[in-house]
Amino acid sequence: VQLVESGGDLVQPGGSLGLSCTASGSFFGINTMGWYRQAPGKQRELVASSSSGGTTNYVNSVKGRFTISRDNAKNTVYLQMSSLKPEDTAVYYCYCNARTSNTATLRTYWGQGTHVTVSS
C-alpha cells in the first residue's frame, strides 16, 4: 500500500490550503484514513481522522478551521485547512489503516509527508 500526498505549500496567516492523499496498491480494504503533523522540535500529533463510515475526529486546536473528508471510491482523503496560523506550520503526514487481504492483520501505512508553512 502506497500513500501519495499533495498540496503542501507556503501560505499567509489567515489563508487556506487543501491537502489530498491517495492510497494505491494491493489491499483488501481501508478502515480509518487521516492526517498527522509534526512541527520542528515537536512530537507528531494526530490532526484529523475519518472512519470508513464517515465518523470524523479532530485535535482541539484545528476544530472549526480544518475539515477532513474522503472519497472511498478513489481511496482518497482530503484535508481542507482555513484560517491558518503560524503554529499550523508542520510536515503533514497522511496515514491509513488497511488490510492486504481478508485474513491479514490491520496495519498502518504512511505517506512521505508534505510541507505546510504558514508565514507572512
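In this predicted model, the largest nonpolar core brings together 27 residues. Those with the most contacts inside this core are Leu19, Trp35, Val47, Phe66, Leu79, Met81 and Tyr92. Two or more residues each come from β3 (17–24), β4 (29–38), β5 (45–50), β7 (66–71), β8 (76–81), β9 (90–99) and β11 (114–118). Of these elements, β9 gives the most, with five residues. This picture can be set beside a broader tendency: in soluble globular proteins, nonpolar side chains tend to be buried together.

Phe66 offers a handy view of the core from one of its best-connected members, being among the residues with the most contacts inside it. Once neighbours within four places in sequence are left aside, Phe66 is in contact with Arg37, Val47, Tyr58, Leu79, Gln80, Met81, Ser82, Leu84, Asp88 and Tyr92. Several of these partners, including Val47, Leu79, Met81 and Tyr92, are themselves listed with the most contacts inside the core.

Further along β7 comes Ile68, which counts as buried because its relative accessibility is 5%. Beyond its neighbours within four places in sequence, Ile68 is in contact with Met33, Gly34, Trp35, Ala48, Ser49, Ser50, Thr56, Tyr58, Val77, Tyr78 and Leu79. For a sense of scale, the C-alpha atoms of Ile68 and Ala23 are 16 Å apart in space, with their positions 45 residues apart in sequence.

The contact between Ile68 and Ser50 leads on to strand β5, where Ser50 is found. Ser50 has a relative accessible area of 3% and is therefore buried. With neighbours within four places again left aside, the partners of Ser50 are Asn31, Thr32, Met33, Thr55, Thr56, Ile68 and Arg70. Met33 and Thr56 appear in this list, and both are also in contact with Ile68.

Attention now turns to the aromatic rings. A pair of aromatic rings is described by the distance of the centres and the angle of the planes. The count of aromatic pairs comes to three. One of them, Tyr36 with Tyr95, is edge-to-face, at 5.3 Å centre to centre and 75 degrees between the planes. Tyr36 belongs to strand β4 and Tyr95 to strand β9, so this pair ties together parts that are 59 residues apart in sequence. The two partners differ in exposure: Tyr36 counts as partly exposed at 23% relative accessibility, whereas Tyr95 is buried at 7%.

Tyr95 also pairs with Trp110, here in a tilted arrangement with 5.7 Å between the centres and 40 degrees between the planes. This second pair links distant parts of the chain, as Tyr95 lies in strand β9 and Trp110 in strand β10 (residues 107–110), 15 residues apart. Trp110 has a relative accessibility of 38%, so it counts as partly exposed. Taken together, Tyr36, Tyr95 and Trp110 form one aromatic cluster.

Arg44 adds a charged group to this neighbourhood. Its charged end sits over the ring of Trp110, 4.8 Å from the ring centre. The charged end of Arg44 also sits over the ring of Tyr93, where the distance to the centre is 3.9 Å.

At the level of the whole chain, there are eleven strands and zero helices. The radius of gyration is 14 Å, close to the 14 Å that the globule rule gives for 120 residues, so the chain is as compact as a globular protein of that length. Along the principal axes, the C-alpha atoms fill a box of roughly 50 × 25 × 25 Å. Buried residues account for 38% of the 120 residues. Among contacts with a separation of 6 or more, 55% involve residues 24 or more positions apart. The accessible surface is about 6,300 Å², and carbon and sulfur atoms hold 45% of that area.

Two loop residues round off the description through their backbone angles. Most residues other than glycine have a negative phi, and most peptide bonds are trans. Asn75, in the loop between β7 and β8, has a positive phi near 50 degrees. With 22% relative accessibility, Asn75 counts as partly exposed. Ser83 is placed in the loop between β8 and β9, and its phi is likewise positive, near 50 degrees. Ser83 counts as partly exposed too, at 40% relative accessibility.

Notes. Residues are numbered from 1 along each chain as its sequence is written. This is a predicted model: local features need pLDDT of at least 70, side-chain atom pairs count only at pLDDT 80 or more; totals for chains, interfaces and linings use all residues. Side-chain values use heavy atoms; hydrogens and water are left out. A nonpolar core is a set of buried Ala, Val, Leu, Ile, Met, Phe, Trp, Tyr and Cys residues joined through side-chain atoms within 4.5 Å. Buried means under 20% relative accessible area, exposed over 50%, partly exposed in between (1.4 Å probe, protein chains only). Helices (H or I, at least four residues) and strands (E, at least two) are DSSP runs, numbered from the N terminus. Contact means heavy atoms within 4.5 Å. Rings of Phe, Tyr and Trp (its six-membered ring) pair if their centres lie within 6.5 Å; planes under 30 degrees apart count as stacked, over 60 as edge-to-face and the rest as tilted. A charge sits over a ring if NZ of Lys or CZ of Arg is within 6 Å of the ring centre and within 35 degrees of the ring normal. The radius of gyration is taken over C-alpha atoms; the globule rule is 2.2 Å times the number of residues to the power 0.38. Accessible areas come from the Shrake-Rupley method with a 1.4 Å probe; for residues, only the protein chains shown count as cover.
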